[in-house]
Amino acid sequence: MAIAGSTDLGVEANLRGSRPALRVAIDQLPELRSLSVAQDVVEIGAALSLSEVERRLEGRIPLLDAVFPQFASRLIRNGATIGGNLGTGSPIGDLAPALLALDASVVLVSTAGERVVPLVDYFTGYRASVRAPGELIARIRVPLPLAGTTAFHKIAKRRYDDISSVAVAFAVEVVAGRVERAAIGLGGVAATPVRAPEAEALLVGADWTADGVAAAAAALAATGTPIDDHRASAAYRRAMLGQALPRLVAERPGG
Ligand SMILES: Cc1cc2nc3c(=O)[nH]c(=O)nc-3n(C[C@H](O)[C@H](O)[C@H](O)COP(=O)(O)OP(=O)(O)OC[C@H]3O[C@@H](n4cnc5c(N)ncnc54)[C@H](O)[C@@H]3O)c2cc1C
């Protein structure tokens, strides 16, 4: 089993007694630690820690900058990798909703070579993905240009150092008060991180006002299949989805 920052696997070992027969540390492999910026894409090495990604991006992806301070603590972010966050396949990981809203793809690598999978096609079920045994996430690709209005709403029991009950990531382009482009990534409302295609479709062409986004907000509230668990009830999760767009419009009246 591949081990990167071990902030997830360490918990499995400590609390659940997990002892994989073979563990291979990948966090220092140079092939997984590059970060490049081209005109049409940013590529982020999967074994970079969140702190390294934050520093090396130098603010180029504001949506990720909105996630970082809400992701655990600096101590965890110094070890936790971007590839490990997707590698867990968790439906409540924070990076997947943001990367979904950014239309990101993952580059998977194995002895057979590389293949690129849009993140929206990557997760196949609860903690399951298209990643084959023997494949690693090598890099994450974020296409450019980015949408102008981005935000990350993390709803958790504690403000800091807690896992999300619900996470909503927005990447919206508002031109002269009207939505031209919209992508929404969600965590905590289904067995996998998901996009919100119905809400996105209703948002495009809508006025960027509370009334204008009302239909999209209702569609967003109906997205996914949230469950009751120890973090939140299904009803609370739906309520959080329903208020996410009106909140964003109120926070960014000009888009
Ligand atoms: C106190 C605490 C707070 C936390 N808070 C948050 C939070 O706010 N938000 C959040 O989303 N998570 C949180 N986490 C969970 C964890 O920190 C993240 O999921 C982290 O990104 C995991 O990365 P890692 O490098 O430590 O992965 P590891 O623990 O090393 O590995 C996790 C899984 O990913 C696989 N893996 C690792 N790298 C790759 C790769 N390149 N390709 C394929 N598979 C790979 C491993 O085989 C393993 O199955 C928290 C954890 C702790 C302990």
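Reader: How much area do domain 1 and domain 2 bury between them?
Author: This is a predicted model, where local features need pLDDT of at least 70 and side-chain atom pairs count only at pLDDT 80 or more, while totals for chains, interfaces and linings use all residues. Residues are numbered from 1 along each chain as its sequence is written, and side-chain values use heavy atoms, with hydrogens and water left out. The domain assignment, which is automatic or from a database, gives domain 1 as 31–143 and domain 2 as 149–251. Of the area buried between domain 1 and domain 2 (the accessible area, with a 1.4 Å probe, that two parts lose on being put together, summed over both), 63% is on carbon and sulfur atoms, and the total is about 1,900 Å².

Reader: How many residues of domain 2 are in contact with domain 1?
Author: The centres of the two domains, taken over C-alpha atoms, are separated by 21 Å. Contact means heavy atoms within 4.5 Å, and on the side of domain 1 there are 25 residues in contact, while for domain 2 the number is 25.

Reader: Which strands stand at the edges of the open sheet of 4 strands?
Author: Helices (H or I, at least four residues) and strands (E, at least two) are DSSP runs numbered from the N terminus, and two strands pair if DSSP finds at least two bridges between them. The sheet runs in the order β10-β11-β12-β13 with antiparallel pairing. Each edge strand has a single partner, so one side of each is left without a neighbour in the sheet, and these strands are β10 (149–155) and β13 (194–195).

Reader: Which helix packs on this sheet, and at what angle to β11?
Author: Within the sheet, β11 (residues 166–175) and β12 (residues 178–187) pair in the antiparallel sense over 9 bridges, and V175 stands opposite R178 in β12. The helix that packs there touches β10, β11 and β12. With axes fitted as lines to C-alpha atoms, for helices over the stretch in contact, and angles running from 0 to 180 degrees between N-to-C directions, the answer is α9 (residues 234–251), at about 30 degrees.

Reader: Is T192 buried or exposed?
Author: T192 lies in the loop between β12 and β13, where it touches P91, F123, T124, G125 and Y126, not counting residues up to four places away in sequence. Buried means under 20% relative accessible area, exposed over 50% and partly exposed in between, for protein chains only and with a 1.4 Å probe. The relative accessibility of T192 is 13%, so T192 counts as buried.

Reader: What kind of aromatic pair do Y122 and F123 form?
Author: A search of the whole structure finds 1 aromatic pair, where rings of Phe, Tyr and Trp (its six-membered ring) pair if their centres lie within 6.5 Å, and planes under 30 degrees apart count as stacked, over 60 as edge-to-face and the rest as tilted. Both Y122 and F123 are buried. Their ring centres are 5.0 Å apart and their planes stand at 85 degrees, so the pair is edge-to-face.

Reader: Which peptide bond is cis, with omega near 5 degrees?
Author: Most peptide bonds are trans. The proline of this bond, P145, is found in the loop between β9 (136–143) and β10, and the cis bond runs from L144 to P145.
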